[in-house]
Amino acid sequence: MRSKRLALDSILLALAAAFSFLESMIPTPVGIRLGLSSIVVMYALLCLSTAEASAIVLLKACFALITRGFYAGILSLSGSFLSLLGMLILYRMNSSLVLMSCIGGFLHNLGQILAASLFLGSGSVFSYLPILTAAGLTAGFVSASLLRMILPYLPYSNCSIRSSQFLKGPDK
Amino acid sequence: MKSKALVFARKSDFLILIVLFLTSILLCLIPYRNRGTRAQIILDQKIIAEIPLSQPEEALTLTAAPDYQFTVSDGKISIIAAPCRNQLCVHSGAAGSVGQRIICLPNRLMIVIVGNDDKAIPDAVL
């Protein structure tokens with residue numbers, strides 16, 4: 001059973017890394033992305049465990065560090081860790097999936113801006129915050145909807161699909 | 001063994017999210033009204049050049065940042081070549097309004113558009 005779970009985690013990590021790598025190849029102004037890998041992280045957080053979600057986030061950042069350089073790795077780590085932290089807190093507070101995902105998207109961009117401003121030694125990157133907030137919220141909503149659609153087909157997701165209460169969380 | 005039910009969305013969430021969204025959209029639209037007159041090129045927090053935006057279309061390079069190519073046209077400046085891998089600054093397009101920025105993080109290069117009312121680097125965004 002343990003090895004089965006480990007295999008699942010590895011597949012999730014590969015999926016998250018592939019999503020983030022593919023998205024990094026699409027050029028956009030200010031680096032706006034859909035953040036499909038957040039679907040993977042959210043799934044791990046909701047249906048597996050916090051530890052597994054953190055491991056995926058950490059190793060994904062390592063992957064970005066190796067394939068896309070120091071700067072991309074630091075941005076990936078700071079963004080996704082802040083986002084994971086926020087989503088974890090909201091999850092514990094019994095918030096809804098959409099709120100969790102949207103705030104997660106916003107925090108991801110906020111974390112990246114914080115890291116970038118430390119890196120640049122100036123706060124002027126914060127002028128990107130409004131546009132990135134709008135983008136993060138939109139992307140968060142898209143990922144939440146996608147997760148809702150695919151969740152019934154995933155393992156460990158004892159779900160009952162109803163529009164209000166469609167998902168039962170993991171048994172702890 | 002407690003099982004937690006997760007709700008997809010609540011009405012109150014949409015209220016929060018829509019307010020946040022509209023605020024951010026509004027903040028995107030407000031600041032960039034005035035046309036800038038000069039572009040400051042800042043490398044490692046030092047101004048290495050000031051380029052007037054009034055000149056006719058022109059491509060230029062700077063000795064302090066030899067791997068970059070800039071163009072000025074229609075009162076706007078853009079980066080057309082950069083040495084970094086992700087090329088974000090190239091894709092972010094042209095900047096011409098006061099306060100607008102083009103940032104190339106990997107090399108700590110930044111272009112800030114300033115107007116006539118001269119306040120060196122508008123660094124007080126934080």
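Here are some exercises, each with a worked solution, on a predicted model with chains A and B.

**Exercise 1. Work out which secondary structure elements chain A and chain B contain, and in what order they come.**

Start with chain A. It has six helices and one strand. Walk along from the N terminus and you read α-α-α-α-α-α-β, so the strand follows the helices.

Now do chain B. Here you find two helices and eight strands. Going from the N terminus, the pattern is β-α-β-β-β-β-β-α-β-β.

**Exercise 2. Describe how much of each chain is buried, how its contacts are spread along the sequence, and what its surface is made of.**

Take burial to begin with. Chain A has 172 residues, and 52% of them count as buried. Chain B has 126 residues, with 37% buried.

Next, look at contacts between residues at least 6 apart in sequence. In chain A, 65% of these link residues 24 or more positions apart. In chain B, 38% join residues at least 24 apart.

Then turn to the surface. Chain A has an accessible surface of about 7600 Å², and carbon and sulfur atoms provide 74% of that. For chain B the figure is about 7400 Å², with 58% from carbon and sulfur atoms.

**Exercise 3. Place A:Leu13 in the fold, then find out how the helix that holds it packs against H3(A).**

Step one is location: A:Leu13 sits in helix H1 of chain A, which spans residues 2-24.

Step two is exposure. The relative accessibility of A:Leu13 is 22%, so this residue counts as partly exposed; the cut-off for buried is under 20%.

Step three is company. Beyond residues up to four places away in sequence, A:Leu13 touches A:Ile56, A:Leu59 and A:Lys60. A:Val57 is 44 residues from A:Leu13 in sequence, yet their C-alpha atoms are 8.2 Å apart.

Step four is the helix pair. H1(A) packs with helix H3 of chain A (residues 50-68), their axes 9 Å apart and at an angle of about 45 degrees. That angle makes H1(A) oblique to H3(A), and the crossing is right-handed. Residues of H1(A) at this meeting include A:Leu12, A:Leu13, A:Ala16 and A:Phe21, while those of H3(A) include A:Ile56, A:Leu59 and A:Phe63.

**Exercise 4. Decide whether H2(A) and H3(A) are roughly parallel or roughly antiparallel.**

Get the geometry down: H2(A) covers residues 37-47, and its axis comes within 7 Å of the axis of H3(A), crossing at roughly 155 degrees. Angles over 145 degrees count as roughly antiparallel, so H2(A) and H3(A) are roughly antiparallel to each other.

To see who meets whom, pick out A:Ser37, A:Val41, A:Ala44 and A:Leu45 in H2(A). On the H3(A) side, look for A:Thr50, A:Ala53, A:Ile56, A:Val57 and A:Lys60.

**Exercise 5. Now cross between the chains and describe how H5(A) packs with H1(B).**

First, find the helices: H5(A) spans residues 97-120 and H1(B) spans residues 11-29. Their axes come within 9 Å and cross at roughly 25 degrees. That makes H5(A) roughly parallel to H1(B), and the crossing is left-handed.

Last, list the residues. A:Val98, A:Leu99, A:Cys102 and A:Ile103 in H5(A) meet B:Asp13, B:Phe14, B:Ile16, B:Leu17 and B:Leu20 in H1(B).

**Exercise 6. Say whether A:Ser76 and B:Leu60 are buried or exposed, and name the residues they contact.**

A:Ser76 belongs to helix H4 of chain A, residues 70-92. With 7% relative accessibility, A:Ser76 counts as buried. Setting aside neighbours within four places in sequence, A:Ser76 contacts A:Lys60, A:Ala61, A:Ala64 and A:Gln112.

B:Leu60 lies in strand E4 of chain B, residues 58-60. Its relative accessibility is 17%, so B:Leu60 is buried too. With the same neighbours left out, B:Leu60 contacts B:Ile51, B:Gln55, B:Tyr68, B:Gln69 and B:Phe70.

**Exercise 7. Find how many disulfides the structure holds, then check B:Cys89.**

The count over all chains is zero. B:Cys89 is in no disulfide, and the nearest cysteine sulfur, from B:Cys104, is 3.7 Å away. A disulfide needs the sulfur atoms within 2.5 Å, so that pair does not qualify. B:Cys89 is buried, at 1% relative accessible area.

Notes. Residues are numbered from 1 along each chain as its sequence is written. Chains are lettered from A and ligands numbered from 1 in the order in which they are written. This is a predicted model: local features need pLDDT of at least 70, side-chain atom pairs count only at pLDDT 80 or more; totals for chains, interfaces and linings use all residues. Side-chain values use heavy atoms; hydrogens and water are left out. Buried means under 20% relative accessible area, exposed over 50%, partly exposed in between (1.4 Å probe, protein chains only). Helices (H or I, at least four residues) and strands (E, at least two) are DSSP runs, numbered from the N terminus. Contact means heavy atoms within 4.5 Å. Accessible areas come from the Shrake-Rupley method with a 1.4 Å probe; for residues, only the protein chains shown count as cover. Axes are lines fitted to C-alpha atoms, for helices over the stretch in contact, and angles run from 0 to 180 degrees between N-to-C directions. Angles under 35 degrees count as roughly parallel, over 145 as roughly antiparallel, 65 to 115 as roughly perpendicular and the rest as oblique. A crossing is left-handed if the near helix is turned anticlockwise from the far one by less than a right angle, and right-handed if clockwise.
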